[in-house]
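Biologist: Please take a close look at one part of this model for me. Pick a strand, and follow it outward to whatever it touches.

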Amino acid sequence: MAEFEFTDEQNQLRAAVRKFCAENFDEQTIRQLMLATPAFNVKVWARLGAELGVLGLSVPETAGGVGATLVDQAVAVEELGASLACGPVFGTVFLAIPALVAAPASQVRDELLAELVEGRRTAAFVAAPGLAASDITASITADNDALTGTVERVVDADAADDLLVLAQGADGLALYAVDAAAPEVQRTPLSTLDLTRPQATVALCEAPGRLIAGPADAEQVIDHALQIGSALLAVEQIGAGQHLLDLSVAYVKTRLQFGRPIGSFQAVKHKLADLLIDLEHARSTAYHAVWALADGSDDPALAVSIAQATASDAFSRIAADTIQVHGGIGFTWEHQAHLYFKRAVTDAALLGTAEQHRSRVAEIVLDTLDGSATEYAVEVASGSPA
């Protein structure tokens with residue numbers, strides 16, 4: 001099978017998720033949800049898990065998941081991105097579930113993972129930004145499983161049921177699960193650009209933590225979660241970019257100027273053609289990263305950084321040019337283009353900027369050339385070293 005050829009089952013999955021999004025995440029519904037508290041429909045989120053099974057597609061069946069592949073997960077995420085689906089996709093699907101999959105099996109890990117996969121609970125990943133575990137300096141300290149400290153701008157933390165907290169203990173970094181409703185936890189919602197992806201500042205004061213991964217496993221778990229999260233974020237950006245390009249193409253076919261559709265003008269044709277090239281380039285890099293993570297066919301860190309740098313840039317350009325193509329209506333509150341533009345700006349900074357990922361690519365390539373690079377791959381289903 002060619003690397004970028006989707007199976008019939010994956011195409012059917014895409015159609016099912018697209019239909020679900022059309023029914024539950026239309027523009028009017030998105031506008032209502034992004035101003036609500038919480039900023040998503042709890043019942044619809046539960047249906048995504050229990051009915052469609054898209055929250056834990058790449059989680060093994062033994063851990064309560066579907067037991068499919070990361071490619072299947074990416075197909076579903078692409079459609080969620082196209083509709084700007086409101087819900088804790090970033091915190092739960094992109095980061096928390098992959099971290100739990102990679103963590104050692106335990107009662108705490110297994111129970112929490114099952115709840116997240118079924119959509120009965122949601123989670124947020126509480127850690128300072130970084131491209132890898134080695135880049136992160138934990139601002140939370142652990143003293144006998146009592147966690148204290150503050151992390152700002154945590155995506156999906158405002159309404160999360162559980163927090164996966166990276167903390168620095170006496171023996172090193174460790175990952176803990178914290179009940180977000182505990183009295184020792186304070187969450188302060190932030191006013192952010194993208195209302196469909198809420199953020200909050202999380203402050204802990206001796207909050208009781210349940211150990212998920214100790215110092216011996218935490219770095220591998222964090223790296224796995226960040227790589228999976230970056231790849232899925234790139235795919236989500238592709239879905240949103242495709243929606244905007246389709247929107248622009250449909251608009252230029254009907255918008256008349258000087259008695260002609262504006263799509264007949266060469267300048268408009270060239271702009272849309274350039275956006276299509278950007279999108280297809282980004283799509284190839286995003287799905288290559290997903291495949292690399294799934295089967296170890298390439299250096300996952302390299303593939304993921306190439307994907308994030310390319311997809312972030314492409315989505316940002318498409319979002320900005322969509323507003324230009326739509327002219328006077330494009331920048332108004334009533335038009336949906338600004339919702340996607342704000343998502344593009346926010347996404348471009350969540351798991352590292354395009355510039356940071358390009359720098360990482362340069363470092364990896366240079367390390368490979370001088371022979372100092374080390375091989376590392378994680379099996380997506382089990383989280384164990386390949």
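Modeller: What follows starts at one strand and works outward to the core, a helix and the cysteines.

First, the ground rules. The model is predicted, so local features need pLDDT of at least 70 and side-chain atom pairs count only at pLDDT 80 or more, while totals for chains, interfaces and linings use all residues. Residues are numbered from 1 along each chain as its sequence is written, and side-chain values use heavy atoms, with hydrogens and water left out.

Take strand S5, residues 172–179. Strands (E, at least two residues) and helices (H or I, at least four) are DSSP runs, numbered from the N terminus. Of the 8 residues in S5, 7 are buried, so the rest of the structure largely encloses this strand. Buried means under 20% relative accessible area, exposed over 50%, and partly exposed in between, with a 1.4 Å probe and protein chains only.

S5 pairs with strand S4 (residues 162–169) through 8 bridges, and the two run antiparallel. Pairing requires that DSSP find at least two bridges between the strands. A hairpin of 2 residues connects S4 to S5. Glutamine 168 has leucine 173 in S5 as its bridge partner. S5 also runs antiparallel to strand S8 (residues 210–213), with 3 bridges. There, leucine 175 is matched with alanine 213.

Now stay with leucine 175. Leaving out residues up to four places away in sequence, its contacts (heavy atoms within 4.5 Å) include Phe125, Leu164, Leu211, Val221 and Ile222. Leu175, Phe94 and Leu164 touch the most other members of the largest nonpolar core, which has 100 residues. Such a core is a set of buried Ala, Val, Leu, Ile, Met, Phe, Trp, Tyr and Cys residues joined through side-chain atoms within 4.5 Å. Helix H7 (residues 218–254) gives the most to this core, 16 residues. A separate core has 22 residues, including Val151 and Val165.

Next, helix H5, residues 89–102. Its 14 residues reach 18 Å from first C-alpha to last, close to the expected 20 Å; the expected span is 1.5 Å times one less than the number of residues. In H5, 14 of 14 residues are buried.

Last, the cysteines. The whole structure holds 0 disulfides, a disulfide being a pair of cysteine sulfur atoms within 2.5 Å. The sulfur of cysteine 86 is 11 Å from the closest one, in cysteine 21, which is too far for a bond. Cysteine 21 is buried at 4% relative accessibility, and cysteine 86 is buried with a relative accessible area of 4%.
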